[in-house]
Amino acid sequence: MVLMDTGHLSSKGVYAMPLTRKTILGMKKRIMTVKWTTSLLGVFLLFCSQAALAQKTPVREIKRLAGDVYRFQNNFHFSVFMVTPKGIIVTDPINPDAAKWLKREIAKRFQLPVKYLIYSHDHADHIAGGEVFAETAVVVAHKYAKKHIIDEGRPTAAPQVTFSDRMEIELGGKKVELVYLGLNHSDNLIVMRFPKERILFAVDLVSHNRLPYRDLPNTHVEDWIESLKRMENMDFDILVPGHGEIGTRNDVRTHREYVEELRRQVLHHMRAGKSLEELKKLVRMEKYKDWGSYKNWLELNIEGMVRHLKLYRRAN
């Protein structure tokens with residue numbers, strides 16, 4: 001529109017409104033409204049971008065557990081490391097960014113090199129990023145873990161040293177024991193015991209007052225129960241899971257009892273010919289209703305147990 005001082009057709013054939021005081025004030029008001037709307041939109045977009053950034057910023061923290069053993073958190077994943085006069089023994093790197101952050105923090109706080117890197121098992125959500133430490137560290141894992149890491153192309157440094165049943169690493173007068181418990185969450189998972197500090201680091205096998213993960217992926221249930229029994233007989237006080245809160249040795253027993261009870265109930269109703277949907281209503285685990293993820297994961301736990309028992313239970 002071409003603005004004219006009197007109302008008539010412009011050269012383009014468009015009718016132009018006369019520029020009266022009322023018209024000009026109305027135009028100014030509309031312009032101010034547009035400006036305020038644009039300003040508010042800018043504030044809203046800035047808030048959204050900051051919220052998105054906050055969501056993407058990982059939660060990372062280092063806490064001392066006992067002696068010279070520390071716990072490293074990266075969002076919902078945890079690992080541990082031990083400081084010795086000769087260097088650092090690090091466990092699961094979690095992912096490349098987490099490993100780089102941890103490496104910087106270790107250098108800043110302790111001014112010591114990482115001499116060993118130990119993988120709990122081959123799953124990438126725990127061990128990705130091992131190459132960050134590979135320049136100074138010897139990478140250690142179970143022999144089956146090395147095979148899977150190489151065969152599956154896991155995004156991490158391949159282990160240089162492997163073992164089959166047990167291994168002890170000593171550095172600077174301090175020790176960590178690596179123990180293979182057999183089949184459970186995988187065929188290559190190990191637990192790590194720090195005897196002097198009375199700590200056991202156990203990933204994806206046990207949690208403190210929390211249900212097992214979703215539909216029990218990769219789990220060999222009967223062997224898992226046997227692994228937990230072996231852990232109950234180990235000498236430690238502080239349980240450090242790969243997810244969730246720190247616990248005690250007693251958590252291993254309660255976790256085993258949950259798995260055994262879940263298996264017992266699911267098998268009982270399967271033998272009675274009940275469907276999966278019926279099982280979800282019939283299986284009652286109220287004793288554990290205060291555990292973490294009870295509402296979200298119980299039905300998934302039932303699904304996973306049904307899947308396992310269909311494959312491996314004895315025929316009627």
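This passage describes the sheet of a predicted model, the helices that pack on it, and the surroundings of one arginine.

The sheet is open and is built from seven strands in the order 1-2-3-4-5-6-7, with mixed pairing. Its edges are taken by strand 1 (60–66) and strand 7 (161–163); each has a single partner strand, so one side of each is left without a neighbour in the sheet. On average, and with direction ignored, neighbouring strands are turned by 20 degrees against each other. At the strand 7 edge, strand 6 (residues 138–142) and strand 7 run parallel and are joined by three bridges. Within this pair, Ala141 has Thr162 of strand 7 as its bridge partner.

Two helices can be followed onto this sheet. Helix 2 (residues 96–110) packs on the sheet and touches strand 1, strand 2, strand 3 (77–84), strand 4 (87–90) and strand 5 (114–118). The direction of helix 2 makes about 55 degrees with that of strand 1. Helix 4 (residues 143–151) also packs on the sheet, where it touches strand 6 and strand 7. Here the direction of the helix makes about 105 degrees with that of strand 6.

A closer look at strand 2 (residues 69–74) brings us to Arg71, which lies in this strand. Arg71 is buried but has no salt bridge. Glu61, the nearest side chain of opposite charge, is 7.8 Å away. A polar atom of the Arg71 side chain does, however, lie 2.6 Å from the backbone oxygen of Gly244. Leaving aside residues up to four places away in sequence, the residues that Arg71 touches include Glu61, Ile62, Lys63 and Leu65, as well as Phe78, Ser79 and Val80. Also among them are Val240, Pro241, Gly244, Glu245 and Ile246.

Terms used: Residues are numbered from 1 along each chain as its sequence is written. This is a predicted model: local features need pLDDT of at least 70, side-chain atom pairs count only at pLDDT 80 or more; totals for chains, interfaces and linings use all residues. Side-chain values use heavy atoms; hydrogens and water are left out. Helices (H or I, at least four residues) and strands (E, at least two) are DSSP runs, numbered from the N terminus. Buried means under 20% relative accessible area, exposed over 50%, partly exposed in between (1.4 Å probe, protein chains only). Lys and Arg count as positive and Asp and Glu as negative; His and the chain ends are not counted. A salt bridge is a side-chain nitrogen of Lys or Arg within 4 Å of a carboxyl oxygen of Asp or Glu. A polar contact is a pair of N or O atoms within 3.5 Å; within protein, one must be able to donate a hydrogen and the other to accept it, and residues adjacent in sequence count only if both atoms are side-chain atoms. Contact means heavy atoms within 4.5 Å. Two strands pair if DSSP finds at least two bridges between them. Axes are lines fitted to C-alpha atoms, for helices over the stretch in contact, and angles run from 0 to 180 degrees between N-to-C directions.
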